[in-house]
Amino acid sequence: MNNLYKYLLTIADNSLILAQRLGELCGHGPSLETDIAITNISLDLLGQTRSYYQYAAKLVGENKTEDDIAFLRIERDYKNCLLVEQPNTHFGFVIGRQYLFDVYHYMLIEKLQNSPDENLAAIAKKGIKEVSYHKRFSGDWVKRLGDGTEESNKKMQEAIDDLWRYTNELFYLTEAEKEVVKEGIGVDVSSFKEEYYKEVSELLTEATLTVPENKYFTKGGKEGVHTEHMGYILAELQYMQRTYPNMNW
């Protein structure tokens with residue numbers, strides 16, 4: 001149970017933190033249509049997060065709720081990858097971060113549908129269409145910005161170059177993940193690493209962007225060691241629950 005609970009967090013926390021980041025953009029999109037689309041993606045991710053946390057709360061017992069898991073953990077207890085907590089530097093960063101995560105997320109959810117764990121499979125089957133749309137949306141924007149003006153290409157390239165170092169962590173397996181994979185319940189994310197980089201590289205090339213060649217990658221988020229941005233995210237995310245305890249979503 002403990003390993004499965006931790007495994008759920010490595011998936012759900014990604015969606016929660018990314019949803020929080022996207023929520024910061026509500027009302028700040030470059031156009032009304034894009035603003036609404038980004039907000040809807042944030043809501044999709046929150047919906048998926050709730051499903052994972054509800055399942056996790058049942059595993060823990062002790063009258064724990066999804067709210068406890070979402071709002072009452074300390075920073076080191078969140079197991080999201082570093083990529084999703086990166087700030088909304090500019091629109092190119094938002095799109096770059098989203099696309100680099102979406103390709104991974106889609107591959108994960110696609111395989112998770114086949115899990116013998118009925119709860120995990122059901123969450124994945126429910127979310128696959130949403131995640132498919134997310135990937136299409138962010139991929140189209142990468143191409144639009146990369147193959148657009150000189151300025152948009154420069155901004156998009158800047159984002160990809162900066163965010164690339166966080167991608168390898170997506171395929172790092174924690175001890176809990178290894179155990180759940182060994183049990184045949186979870187997905188071995190390292191198995192589609194090569195496929196991921198191939199798909200991402202092909203789209204970047206189509207977008208007239210340069211695929212980064214740097215071999216330096218950073219990790220830590222999936223083990224609870226986060227960047228300086230995480231504390232600020234949680235301060236805002238947890239404020240209402242900690243100020244007015246026992247509030248519900």
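## Close-up views of a predicted model

**View 1. The two sides of helix α8.** The face of α8 turned away from its buried side carries Glu194, Lys198, Thr205 and Glu206, and these residues are exposed. This model is predicted. On the other side, the buried residues of α8 are Tyr196, Tyr197, Val200, Leu203 and Leu204. Look down the axis of α8: its buried residues fall within an arc of 135°, so they line one face of the helix. What covers them? Among the elements over the buried residues of α8 are α4 (91-112), α5 (118-146) and α6 (150-163).

**View 2. The length of helix α8.** Helix α8 runs through residues 193-206 and has 14 residues. At 1.5 Å a residue, α8 should span 20 Å. Its end C-alpha atoms are 20 Å apart, so the model agrees with the expected span. Just after α8 comes Thr208, with a positive phi of about 55°.

**View 3. The loop between α2 and α3.** Most residues other than glycine have a negative phi. Here are two residues with positive values. Glu62 sits in the loop between α2 (32-60) and α3 (66-71). The phi of Glu62 is near 55°, a positive value. Asn63 also lies in the loop between α2 and α3. For Asn63, phi is positive too, near 60°. Are these residues buried or exposed? Glu62 has a relative accessibility of 66%, so it counts as exposed. Asn63 has a relative accessible area of 74%, so Asn63 is exposed as well.

**View 4. Ser152 in helix α6.** Ser152 is part of helix α6. Its relative accessibility is 14%, and the cut-off for buried is under 20%. Ser152 therefore counts as buried. Which residues does Ser152 touch, leaving aside those up to four places away in sequence? They are Arg144 and Leu145. Now find Phe91. Ser152 and Phe91 are 61 residues apart in sequence. In space, their C-alpha atoms are 9.6 Å apart.

**View 5. A nonpolar patch on the surface.** Tyr239, Met240 and Tyr244 make a nonpolar surface patch of about 350 Å². Where does Tyr239 lie? Tyr239 belongs to helix α10, which covers residues 239-243. The relative accessible area of Tyr239 is 49%. Exposed means over 50% and buried means under 20%, so Tyr239 is partly exposed.

Conventions:
Residues numbered from 1 in each chain as written. Predicted model: local features only at pLDDT ≥ 70, side-chain atom pairs only at ≥ 80, totals over all residues. Heavy atoms only, no water. Patch = residues over 30% accessible without salt bridge, like charges linked within 9 Å, V, L, I, M, F, W, Y side chains within 5 Å. Areas by Shrake-Rupley, 256 points an atom, 1.4 Å probe, with all protein chains shown as cover. Salt bridge = Lys/Arg side-chain N within 4 Å of Asp/Glu carboxyl O. Helix = DSSP H or I, 4+ residues; strand = E, 2+ residues; numbered from the N terminus. Buried < 20%, exposed > 50% of the residue type's maximum accessible area, 1.4 Å probe, protein only. Expected span 1.5 Å × (residues − 1). Arc of directions from axis to C-beta. Contact = heavy atoms within 4.5 Å.
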